[in-house]
Amino acid sequence: MNKFKRAVDFLRKAEKIAVLTGAGVSAESGVPTFRGRGGLWKKYRAEELATPEAFERDPILVWKFYDYRRQLISKVNPNKSHEILAKWETLFEKITIVTQNIDGLHQRAGSKNVIELHGNIWEARCIKENKVFRYKENPISEFPPKCPDCGSLIRPNVVWFGESLNQNILNFSFSLFEKSDLALVIGTSSVVYPAAHLPILTKKSGGKIMEINIEETSLTILSDIFLKGKASEILKVIDSLI
Ligand code: NAD
C-alpha cells in the first residue's frame, strides 16, 4: 500500500484523532515561521523578541513586533490545509486540533474544536490585574498600549519562549493525545516543549503518529508515516482519497 493510502487507512480506522499544528501550516498563508526564512523582523530574530525578558527590557519594541505580525495576519487568509482540516471535522466523528499557532486561522477556516496552546495574537493581558481581553486595534495607535480599565501596561496574551503554558489547557491536551489512536502532526519543528511531547503520548498508549513536514524533524523517527512536502499539497492528496 502506498503512503497516501496508508494515511487514509489510519484516518478511517482511528476513533479519535488529535491534530497538532505548528507554524508550517500557516506558512502557506504568508505568515512566516520563526525558524525559517522570514523569521527576521528588522534586525531581530523573532525568537529573541518573543520572550518575557525582551518585554521587560523594551515593551515598545516587542509591541511593535506584534503590531507588525497582527497587521500581517489580518491581511492573510486560511489556506487549503486549514480548510481541509475544517472539512474533516464534519467527516470524522472525533477530531480535535491543538495548535501552537496564535493567528486564529483554523477558526477562520471553520474549525470548531481548536485548542490554542500558545494563546491568541488578538488577545491582550493586563500585567497588573492579569485580566485577559480581546484587543483588536489594528494598527496599534499608541505604544506601548495600556489597559483600558486601570492604565497599566498590557502584553500580548501569548506564551513566550521560557514561559509556562496554561495548566488546564496543557492537562486537556495531554489527556487528548493519550486517548487518541492517531496523532496527526503538521508543520511543526517538534523542538518546542511541551507541545513536542504530545504525539509521543499517543504512541506510548498504543496509537500511531502521522507527520507532515517539508523536512524531517526529531519526531520523524517515531512516526508511523512521514509524508514529506508542503502541508496543503499532502493534505489535498489525502483528502482526494478519502
Ligand atoms: P517553527 O517555526 O519552529 O517550525 C515550523 C515547521 O514547519 C518547520 O519544521 C518547517 O520545516 C515546517 N514547515 C514550513 N513550511 C511548511 C509547509 N508549507 N508545510 C509543512 N511544513 C512546513 O514553528 P513551531 O514549531 O510552530 O514553533 C514556533 C512557535 O512560535 C510556535 O509555538 C508559535 O507559538 C509561534 N509562532 C506562531 C506562528 C503563527 O501563529 N502562525 C508563526 C510563527 C511562530
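**Ligand contacts and the domain interface**

In this predicted model, an oxygen atom of the ligand sits 2.7 Å from an N or O atom in the side chain of Asn 213. Two further side chains come into view here. Ser 189 places a polar side-chain atom 2.7 Å from an oxygen atom of the ligand, and Asp 103 has a polar side-chain atom 2.7 Å from a nitrogen atom of the ligand. With the protein around it, the ligand has 94% of its accessible area covered, out of the 840 Å² that the ligand has on its own. The surroundings of the ligand comprise 27 residues, and the closest of these are Arg 35, Asp 103, His 118, Ser 189 and Asn 213.

It helps to step back now and look at the chain as a whole. The domain assignment divides the chain into domain 1, made of 3-30, 78-118 and 165-241, and domain 2, made of 39-75 and 126-158. Taken over C-alpha atoms, the centres of the two domains are 28 Å apart. Where the domains touch, five residues of domain 1 are in contact with five residues of domain 2.

The size of an interface is often expressed as the accessible area lost when the parts come together. Between domain 1 and domain 2, the buried area is about 380 Å², and carbon and sulfur atoms give 64% of that area. On the domain 1 side, Ile 102, Asp 103 and His 118 supply 67% of the area buried against domain 2, more than any other three residues. Sorted by class, the side of domain 1 that touches domain 2 holds one nonpolar, two polar and two charged residues. Even so, zero salt bridges are counted between the two domains, and the count of residue pairs in polar contact, with both at pLDDT 80 or more, is also zero.

Asp 103 and His 118 thus link the two parts of this account: both are among the residues closest to the ligand, and both belong to the trio named for the domain interface.

Notes:
Residues numbered from 1 in each chain as written. Predicted model: local features only at pLDDT ≥ 70, side-chain atom pairs only at ≥ 80, totals over all residues. Heavy atoms only, no water. Domains from an automatic or database assignment. Contact = heavy atoms within 4.5 Å. Buried area = accessible area lost by both parts, 1.4 Å probe. Salt bridge = Lys/Arg side-chain N within 4 Å of Asp/Glu carboxyl O. Polar contact = N/O pair within 3.5 Å; in protein donor to acceptor, adjacent residues only side chain to side chain. Nonpolar A, V, L, I, M, F, W, Y, C, P; charged D, E, K, R; others polar. Near = heavy atom within 4 Å. Areas by Shrake-Rupley, 256 points an atom, 1.4 Å probe, with all protein chains shown as cover.
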